[in-house]
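Colleague: Please take a close look at the ligand site and then at the other spaces and the charged pairs. Which residues are around the ligand?

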Amino acid sequence: MELGPIRPPSEAESLMLRVTRGCHWNKCYFCDLYKKYKFSRRRYEEIEEDLKKAADSEYAQNYTTCFLQDGDAFVLQTEFLMQILEGIHKYLPNIKHVTTYARADSIARKSVSELRELKTAGIEHLYCGMETGSDLILRKINKGFDAATIIISGTKAKEAGMVLSEFTLFGIGGKELAEENAVETAKVLNVIKPDFVRVHATGIKLSSEMWNYVKNKELTLQSEEEIVSEQKIMLELLADDMDCIYMNEHIVNLLLEVRGNIRTDKQNMLETINTYLQLPKQEQELFNLGRRLNIMFFLADLNNRAKRKQTEEGLRKIKTQNPDLDLAFVCNYVRQTQI
Ligand code: SF4
């Protein structure tokens, strides 16, 4: 079977079905996921071949969900997606739910009745990388759509009864636009009311277009504490009654324990954030490095003597070898290797 390079962390158990290669947009300044792939739509015959192989494999019975790769299967015509869904159900009848990445502009181009048709045929869950609700930042990162399009796409998907995950990026505006990012993103999410908000801390890649902003001093990298403060502003602004799962699910995020339903767990999540922000500076630094060295995973690990010792040694080594090193740079460097 032909496989694309990535999937959302939550789709680990799903059958990966590649329906396009790469990303047809491929121009976001922060993203190099599909840079080496020339975009193409796979022919139905090729997709069908993979479905037959999956049906013949020893795992065939285990698959109950299928994820359509690569970057934006929703760029495909609705008729073609329907043909693919028919093929999935024909060869792998145990598959009940189909999910995919979908760009906001691709969702917005489809009518609510097309989306309903796709939902009825099995496309259950859309993963949309809105990144931010700020038009200023959307332009800066060359996302190719604006906040109004994100709102149209999100409300259409919800109207069609689909499950909607929105990915957001903290740190994407740097120190300069941190508050703008938090405030505008919360505004858009409060209108859409998605089922999941999947937050990510940005790791700006040194080879990306975004890094030029850093080099030109238009964007100042935020420290881990500043990124968490940005997260706090956004979480505080999210509507208290939103029945939505808020997730720090990716290793790139500092506080993996900050997750829960906004309606019922918002205060607990904010308390965890406050616990971190109120730590003495030295403890914050230790935790930040412990996380970035993959020694610590949760705040409670600060109480683990072995993990503290290992992290302290790492910190001492880094500071001895590079006394002037900026830890915001180090942490960004590690994060950009994790995405
Ligand atoms: S972030 Fe998404 S839309 Fe943008 S280039 Fe990467 S895959 Fe394509």
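Modeller: A residue is taken as near a molecule or strand if one of its heavy atoms lies within 4 Å of it. By that rule the residues around the ligand are C23, N26, K27, C28, F30, C31, Y34, R103 and K143. This is a predicted model, in which local features need pLDDT of at least 70 and side-chain atom pairs count only at pLDDT 80 or more, while totals for chains, interfaces and linings use all residues. Residues are numbered from 1 along each chain as its sequence is written, and side-chain values use heavy atoms, with hydrogens and water left out.

The shell around the ligand has five nonpolar, one polar and three charged residues. In these classes Ala, Val, Leu, Ile, Met, Phe, Trp, Tyr, Cys and Pro count as nonpolar, Asp, Glu, Lys and Arg as charged, and the others, Gly among them, as polar.

The ligand takes up the space of the largest pocket; a molecule sits in a cavity or pocket if more than half of its atoms lie within 2 Å of its grid points. The grid has a 1 Å spacing over the protein atoms alone: a cavity is a set of points where a 1.4 Å probe fits but cannot get out, a pocket is an open set with protein on both sides within 12 Å along at least five of seven lines, and lining residues have an atom within 4 Å of a point. Points are joined across faces, edges and corners, and a volume is the space filled by probe spheres set on the points.

The largest pocket has a volume of about 800 Å³. Its lining comprises 35 residues, of which I6, F30, L33, Y101 and E131 lie nearest the centre. Two or more lining residues come from each of β6 (123–131), β7 and β8, with the largest share, four residues, from β6. Helices (H or I, at least four residues) and strands (E, at least two) are DSSP runs, numbered from the N terminus. The lining of the largest pocket has 19 nonpolar, nine polar and seven charged residues. F30 appears both around the ligand and among the residues nearest the pocket centre.

The second largest pocket holds about 160 Å³ of space. S223, E224, E225, K281, E285, N288, L289, D326, L327, A328 and C331 line the second largest pocket. Helices α9, α11 and α13 (327–337) each supply at least two of these residues, and α11 gives the largest share, four. By class the lining of the second largest pocket has four nonpolar, two polar and five charged residues.

Two cavities of 30 Å³ or more are counted. The largest cavity contains about 60 Å³, and α9 gives the most to its lining, with four residues. Its lining residues are F170, H200, A201, E224, I227, V228, Q231, N248, N253, L254 and L255. E224 thus appears in the lining of the largest cavity and in that of the second largest pocket. The second largest cavity, of about 40 Å³, is lined by residues including G171, T202, I227 and R335.

The charged pairs come next. A salt bridge is a side-chain nitrogen of Lys or Arg within 4 Å of a carboxyl oxygen of Asp or Glu, and 25 are counted. One of them joins E225 and K281 at 3.7 Å, N to O. This pair links helix α9 with helix α11 (residues 281–292), 56 residues apart. Both residues also line the second largest pocket. E225 is buried at 18% relative accessible area, whereas K281 is exposed at 58%; buried means under 20%, exposed over 50% and partly exposed in between, with a 1.4 Å probe and protein chains only.

K175 and E226 form another salt bridge, their closest N and O atoms being 3.3 Å apart. K175 lies in the loop between β7 (163–170) and α7 (178–192) and E226 in helix α9, so this pair ties together parts 51 residues apart in sequence. Both are partly exposed, K175 at 43% and E226 at 30%.

R198 pairs with E249, with closest N and O atoms 2.8 Å apart. Since R198 is in strand β8 and E249 in the loop between β9 (245–247) and β10 (259–261), parts 51 residues apart in sequence are tied together. Both are buried, R198 at 3% and E249 at 15%.
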